Amino acid sequence: MNRGIKNEYDFVDLFNNKYFSELDDYCKLFLEKLFDKKINNDILITCWKNRVPQKADIFIKINNSTKGISLKCGNSNSMHHESIQDFKRYLENLGIPYSTIDKYVSYHYGYMKNDLGNIDYSKSLSAEEYKSFYQNDIDSFNNYINKTRIIVDMIDRFIVRGRNSDYDIDALICGTVDDFTWVMKHEIYDLILSKRCLHFTSPHVACLTLGPKKRNLDGNSNNSKERYILCVRWNNIRQDIDNFKGLA
């Protein structure tokens, strides 16, 4: 069982079939923030793992109210995966110009260009090599997509709702049952929008970086298809959450 799946089951065990009075003060505070009300000590909590691959990893239910929680257990996390073709269509639907989309696609595949500006498909560059040649193109892409309406739409797609759910998560937890922090749904937008002026050299949406799951430059990967997968990462997620909440 991988670390992330184990973490989900650990949180289910933490809350499921527990009376509110059985929880420690930190967990009580989290639940009262999550449900936005005071909770009686004799209330029984139900918690279960989501069996569908959606943004909510677990659900917590108190009385007739159910909340969806996304769980991340590290400080540098992959938040979202999708095929590069689906991502291109998504950018097109947002009204982003093809010339801007192509700037990301070229970075994703590490395309080298010849003296005429045409792609040389025989050679792929590492991320750092690509930046050394084409940082201006990456900067142009970043400048275009780091607009409020685009960032908010991408937060929905990458973190809050995803592509295969009609429901938003209600909170994001980062950490393990022994040591975790959290951020509520409405705070996620404020947190990420507060970081839209970051000057990363990689393609990014505020604090979320975009890139291939694996470049596979030598062709020796056990899963060569990962080259065609967009991976959205949130580096320093826990630090960002704690700083936003004034805890760091």
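**Figure 1. Elements that contribute to the lining of the second largest pocket.** Helix H2 (25-35), strand S9 (179-184) and helix H7 (185-193) each supply at least two residues of the lining of the second largest pocket in this predicted model. Among these contributors, H2 provides the largest share of that lining, namely four residues. The volume of the second largest pocket comes to about 240 Å³. Of the 14 residues that line the second largest pocket, Lys 33, Trp 182, Met 184, His 186 and Glu 187 are the closest to its centre. When the residues of this lining are divided by character, six are nonpolar, two are polar and six are charged.

**Figure 2. The chain as a whole.** The secondary structure of the chain comes to eight helices and 12 strands, and the C-alpha trace spans about 75 × 40 × 35 Å along its principal axes. Of the 248 residues of the chain, 48% count as buried.

**Figure 3. The largest pocket and the residues around its centre.** The largest pocket has a volume of about 480 Å³. Its lining is made up of 21 residues, of which Gln 54, Lys 55, Asp 57, Lys 72 and Met 79 are the closest to the centre of the pocket. At least two residues of this lining are supplied by each of H1, strand S4 (65-72), strand S5 (76-83) and helix H6 (148-160), and the largest share, five residues, comes from S5. By character, the residues of the lining of the largest pocket divide into six nonpolar, 10 polar and five charged.

**Figure 4. Helix H1, seen along its length and around its axis.** The 13 residues of helix H1 (residues 3-15) should span 18 Å at 1.5 Å a residue, and the end C-alpha atoms of H1 are 19 Å apart, which agrees with that expectation. Within H1, the residues Asn 7, Glu 8, Phe 11, Val 12, Leu 14 and Phe 15 are buried. These buried residues cover an arc of only 160° around the axis, and therefore they lie on the same side of H1. Arg 3 and Asp 13, by contrast, are exposed on the other side of H1.

**Figure 5. The two ends of helix H1.** At the start of H1, a side-chain oxygen of Asn 2 reaches to within 3.1 Å of the backbone nitrogen of Gly 4. After H1 comes Asn 17, a residue whose phi is positive and near 60°.

**Figure 6. Asp 36, in the loop that follows helix H2.** Most residues other than glycine have a negative phi. Asp 36 has a positive phi, near 55°, and is a residue other than glycine. The position of Asp 36 is in the loop between H2 and strand S2 (44-49). Because its relative accessibility is 69%, and a residue counts as exposed over 50%, Asp 36 is classed as exposed.

**Figure 7. Asn 236, between a strand and a helix.** Asn 236 is found in the loop between strand S12 (229-235) and helix H8 (237-244). Although Asn 236 is not a glycine, its phi is positive, at about 60°. The relative accessibility of Asn 236 is 39%, so this residue counts as partly exposed.

Note on methods
Residues are numbered from 1 along each chain as its sequence is written. This is a predicted model: local features need pLDDT of at least 70, side-chain atom pairs count only at pLDDT 80 or more; totals for chains, interfaces and linings use all residues. Side-chain values use heavy atoms; hydrogens and water are left out. The expected span of a helix is 1.5 Å times one less than its number of residues. Buried means under 20% relative accessible area, exposed over 50%, partly exposed in between (1.4 Å probe, protein chains only). The arc is that of the directions from the helix axis to the C-beta atoms. A polar contact is a pair of N or O atoms within 3.5 Å; within protein, one must be able to donate a hydrogen and the other to accept it, and residues adjacent in sequence count only if both atoms are side-chain atoms. On a 1 Å grid over the protein atoms alone, a cavity is a set of points where a 1.4 Å probe fits but cannot get out, and a pocket is an open set with protein on both sides within 12 Å along at least five of seven lines; lining residues have an atom within 4 Å of a point. Grid points are joined across faces, edges and corners, and a volume is the space filled by probe spheres set on the points. Ala, Val, Leu, Ile, Met, Phe, Trp, Tyr, Cys and Pro count as nonpolar, Asp, Glu, Lys and Arg as charged, and the others, Gly among them, as polar.
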